[in-house]
Amino acid sequence: MRYMSHLLPLSRVARLVGQPRSTIQRMIHDGELDTFDGMVDMNELLRVFPDVRWEDDGEFRRVEEIKEKAFARRVYERALPGKEVLAERLHELGREFAAAKSLLLHYDRVHRFLDDKLDDLAERAGVDAVATLRHWLRTELEAAPDEAARAEALLAQESVMRIMSATVTVRPSGHEFFVEGNDTILEAALRAGIPLNYGCSNGNCGECRARLLSGQVSKSHPHDYVLKESEKADGVILMCSYTAVSDVVVEAGVAGAEDIPVQRVQTRVKAVERLNEHMVALRLTTPRSRRLRFLAGQHVTASIGGDAGEYHVASCPCDDRQLTLHVRRDNRPFARRVFEDLRKEDTVDIEGPGGRFVFSLESRRSPVFIAWEDGFAPIKSLIEHAMSLEISEAMHLYWIAAAVDAGGADHYRDNLCRSWADAYDNFFYTPLSADDGLATLVERVLAAHANLSRVDLYVAAPRPLLDAIREAALARGLALRGWHGEVIEPFPGAPATG
Ligand code: FES
């Protein structure tokens, strides 16, 4: 039995089947799952995932947990939409339910009429074929196949999801993300790692203007910026002021490194975490109203009093107000302060961002990341960004470092890299020793990738290693647009790279 066409966005499909979005994209790419206009039909979902128990899903459990108040109040508020949005979503579902019910009533009338006509025909003509047809029709309508129960469970689960969150699709980039709780469209996009263009984030500058192409939004934060009447008529909204009530499609710009202005933000130290003898993870929190806008892979200037140093941000822009810097023990005054007397709640001034070592959002090539010693910081930010975007391509990380005893940074977040490899079936991690020498290291990395024309190389290393990898990779077929290099200062005390 087939059910009426019911199209689902990919993000919701991924949640329904409990798989990463990248897996769904891969299935579509491999022809295992059909789509229509970028959406998946419910019938197709039931066909491809016959074994999924729809009622036993995390989304239902999440709702149950919220109902039982197992979460702290803050999480409770974060997960649930506001009353107005909830009312509007229920209203929309109620409208759909009413339309489906009236259609069913209509089908029921048609069925009765047809049944009567078949009775008449059978009596008058006495044709066996009519009796057979009537029998088939009754059997089909009265049967309650397993598929019907599965479709019912799927629809119920999808309805819960639609009450809890809405999907936003961005044109022309094609990015897709969920809006949950009371988040604005902009907040939800940034949390998902999608760098939509914006300025003040509080309704004053108008830089987050977007055009609503379909779906329903509602204003969740007031704004002072005044939209022109012509813009309003054209469906223009401010993404920092509006939330999505239903699934929406917006036309909005995605920011590149050149679009982000230099900012000055005063942060507080959340933790100074000693990673090993030579490395510290400095965790900072920005004020609620003054987040740092940056792209993964960029660097900032950090200062305590007058003591400053330039560092790559090691955290993902999707980490909201949290910033992490990896600080090496060296002679810079900032590093000395961090290692010697920086405490929780102290103030650290951040100025930035800078640099163009950023993720290529439009690329469909596989990213290969190469980090040398603490060049891992920008690489970590890039990887976490790629993961938040749920890219479907395979990702490889090669981390070259010398042991602490040999004066190197060592693979100071080795466990994190291994946990990524365990958690993601498209992520591969290879730690390498800096003792192996430049030529051997270049060969080990490049020999593992036979077709470099399908690869994006992201390398954060000192100049000699950077140049050697670039030259060898281009000679073996790497496209120029696939090269992304960032110069890292040699690690003090570690073996030279060239
Ligand atoms: S970011 Fe300034 S108005 Fe939205």
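How many bridges join strand β12 to strand β15? There are four, and the two strands, residues 299-304 and 347-354, run antiparallel. Before going further, a word on the ground rules: this is a predicted model, where local features need pLDDT of at least 70 and side-chain atom pairs count only at pLDDT 80 or more, while totals for chains, interfaces and linings use all residues. Residues are numbered from 1 along each chain as its sequence is written, and side-chain values use heavy atoms, with hydrogens and water left out. The element names come from DSSP runs, helices being H or I of at least four residues and strands E of at least two, numbered from the N terminus.

Back to β12 and β15, where A302 has I350 as its bridge partner. Both strands belong to an open sheet of six, in the order β13-β12-β15-β10-β11-β14, with antiparallel pairing; two strands count as paired if DSSP finds at least two bridges between them. The edges are taken by β13 (307-312) and β14 (322-328), and each has a single partner strand, so one side of each is left without a neighbour in the sheet. From one strand to the next the twist averages 35°; axes here are lines fitted to C-alpha atoms, for helices over the stretch in contact, and angles run from 0 to 180 degrees between N-to-C directions. Packed on this sheet is helix α11 (residues 333-340), which touches β10, β11, β12, β13, β14 and β15, and its direction makes about 90° with that of β13.

A closer look at β12 turns up S303. With a relative accessibility of 15%, S303 counts as buried (buried is under 20% relative accessible area, exposed over 50%, partly exposed in between, with a 1.4 Å probe and protein chains only). Setting aside neighbours within four places in sequence, S303 is in contact with A308, F334, V348 and D349, contact being heavy atoms within 4.5 Å.

There is a couple of backbone oddities around here too. Most residues other than glycine have a negative phi, and most peptide bonds are trans. The bond from G352 to P353 is cis, with omega near 10°, and P353 sits in strand β15. In the loop between α11 and β15, E345 has a positive phi near 80° without being a glycine; at 48% relative accessibility, E345 counts as partly exposed.

A second open sheet has five strands, in the order β4-β3-β9-β5-β7, and its pairing is mixed. Here β4 (176-180) and β7 (236-238) are the edge strands, each with a single partner strand, so one side of each is left without a neighbour in the sheet. The twist averages 40° from one strand to the next. Strand β3 (residues 165-171) and β4 pair over five bridges in the antiparallel sense, with T167 matched to F178 in β4. The loop between β3 and β4 holds P172, and a cis peptide bond with omega of about 5° joins R171 to P172.

Next comes β19. This strand (residues 455-461) runs parallel to β20 (residues 483-487), and five bridges join the two; L457 has W483 as its bridge partner in β20, while A461 stands opposite V487. Strand β16 (residues 366-372) is also parallel to β19, with six bridges, and A371 of β16 partners A460. Together, β19, helix α15 (residues 463-475) and β20 make a right-handed β-α-β unit; right-handed means that, with the strands pointing away from the viewer, the path from the first strand over the helix to the second runs clockwise. Seven of the seven residues of β19 are buried, so the strand is largely enclosed by the rest of the structure. In a regular strand the side chains alternate between the two faces of the sheet. In β19, V455, L457, V459 and A461 point one way and D456, Y458 and A460 the other.

L457 turns up again in the largest nonpolar core, which has 83 residues; those with the most contacts inside it are F177, I379, L397 and L457. Such a core is a set of buried Ala, Val, Leu, Ile, Met, Phe, Trp, Tyr and Cys residues joined through side-chain atoms within 4.5 Å. Another core, of 22 residues, lies apart from that one, and includes V280, A302, L325 and V338.

Lastly, helix α6 (residues 83-125) has 43 residues and reaches 62 Å from its first C-alpha to its last, close to the 63 Å expected (1.5 Å times one less than its number of residues). Its buried residues are V85, R89, E92, L93, D115 and L118.
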